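Good morning, and thank you for joining. Please take a moment with the sequence and the coordinates before I begin.

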Amino acid sequence: MEIGTGWVPTVPLGLALLGAEVYTYDHLAHLRNNNLRTTLDLLHTSIDDIARQMDLDRDGLRGRLDEFVRVNARNPRAWLDRIGVHYNAPADAAQTGLPPETVDIHFSVNVLEHIPSAKLTDIFSEAYRVLKPKGLLWHGVDTSDEFAAIDPQVTHFNCLKYSALIWRLIGQNKIHYINRLRKSEYLKLFGSTGFKIIKVDALITPEDLTTLEHIRVNRRFRSFDKTELAMRHFIVAAQKAATAS
Ligand SMILES: C[S@@+](CC[C@H](N)C(=O)[O-])C[C@H]1O[C@@H](n2cnc3c(N)ncnc32)[C@H](O)[C@@H]1O
């Protein structure tokens, strides 16, 4: 099960290529047929690399991908449904309607940072309900300031300068919502919803630590370790605490 399908559903389509059935939820329906075609084209150009890196049968993957392309349904929901990807949007990932203990992996890519923390608690309580006892939580979280991607004057840690009030105006509005949670806050949230962390991989570079030194962070962030503030991205894997080995 995925949260935050977005515009280019590479991961759900990749998993479907490998034979998985995927339930994906987005609170907004961004997907259009042309995005779907673009994503399938992208997979087509990378299929040899994917097969080589994962040691899979290239012709088998190509054949399946061609079948996906041939579906060519009238809308993305119908198209995806026919290839085993169930697109739910607009939908609430905290109320999936899925039966309990039926999901193997609960995942997202660059989505959690866009969700308010109270909603995250509801989403991860639902994740606990739908995951199988040995199911896996896997999330990639972008903790940088996304404005840095469009404005070279802005550093990846710019968002840490602002008080909650100012950030609500510039970074938590209808068009753009970033919660600014740091890694330890996410880990605490996963723990409070019943999960045990089994792995964390974080992106922290010496250059980013130097950049951070030139920023006066708001007092909301002053108690955090510098390495945590300078973290741009992290990946976390967790399992239900009751069954984690
Ligand atoms: C930056 S995009 C990432 C999309 C996709 N995962 C990718 O990597 O290309 C963030 C996505 O999260 C979705 N999103 C934000 N809040 C959400 C929520 N509460 N529930 C489900 N999806 C949400 C947005 O609509 C958007 O599609």
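I shall go through the strands, the core, the ligand shell and a few backbone features in turn.

Please bear in mind throughout that this is a predicted model.

I begin at the N-terminal end of the chain. Strand 1, residues 2-3, is joined to strand 2, residues 22-25, by two bridges, and the two strands run parallel. One of the residues involved is Glu 2, whose bridge partner in strand 2 is Thr 24. Between these strands the chain passes through helix 1, residues 10-17, and the resulting β-α-β crossover is right-handed.

Strand 2 also pairs with strand 3, residues 85-88, again in the parallel sense, over four bridges. Here Thr 24 has Tyr 87 as its bridge partner in strand 3. Thr 24 therefore has a bridge partner in strand 1 as well as one in strand 3.

Which residues of strand 2 are buried on its two faces? Val 22 and Thr 24 are buried on one side, and Tyr 23 and Tyr 25 are buried on the other, so that both faces are covered. As a general point, side chains in a regular strand alternate between the two faces of the sheet.

Further along, strand 4, residues 103-109, and strand 5, residues 131-142, pair in the parallel sense over six bridges. Within this pairing, His 106 is matched with Leu 137 in strand 5. Together with helix 5, these two strands make a right-handed β-α-β unit.

Let me turn to the interior. The largest nonpolar core comprises 40 residues, and those with the most contacts inside it are Val 85, Leu 112, Ile 123 and Phe 190. Helix 5, residues 117-130, supplies the largest share of this core, namely four residues. In soluble globular proteins, nonpolar side chains tend to be buried together.

Val 85 merits a closer look. Leaving aside its neighbours within four places in sequence, Val 85 is in contact with Pro 12, Leu 13, Ala 16, Val 22, Thr 24 and Leu 80.

How many residues surround the ligand? There are 17, and the closest are Gly 4, Gly 6, His 27, Val 109 and His 114. By class, the shell consists of eight nonpolar, seven polar and two charged residues.

Next, helix 2 and the loop that follows. Ala 51 lies in helix 2, residues 33-54. Is Ala 51 exposed or partly exposed? It counts as partly exposed, because 16 C-beta neighbours lie inside 10 Å. Beyond its neighbours within four places in sequence, Ala 51 is in contact with Leu 56, Asp 57, Arg 58 and Leu 61. Its C-alpha atom is separated by 13 Å from that of Leu 15, which is 36 residues away along the chain.

Asp 55 is in the loop between helix 2 and helix 3. Its phi is near 55°, a positive value in a residue other than glycine. Asp 55 counts as exposed because it has 6 C-beta neighbours inside 10 Å.

Finally, the loop between strand 3 and strand 4 holds two backbone features. Pro 90 is found in this loop, and the peptide bond from Ala 89 to Pro 90 is cis, with omega near -5°. Glu 101 lies in this loop too, and its phi is near 55°, a positive value in a residue other than glycine. With 14 other C-beta atoms within 10 Å, Glu 101 is partly exposed.

Thank you; I welcome your questions.

Technical notes: Residues numbered from 1 in each chain as written. Predicted model: local features only at pLDDT ≥ 70, side-chain atom pairs only at ≥ 80, totals over all residues. Core = buried A, V, L, I, M, F, W, Y, C linked by C-beta atoms within 7 Å. Buried ≥ 20, exposed ≤ 12 C-beta atoms within 10 Å, placed from the backbone. Contact = placed C-beta atoms within 7 Å. Right-handed = clockwise from strand over helix to strand, strands pointing away. Near = placed C-beta within 6 Å. Nonpolar A, V, L, I, M, F, W, Y, C, P; charged D, E, K, R; others polar.
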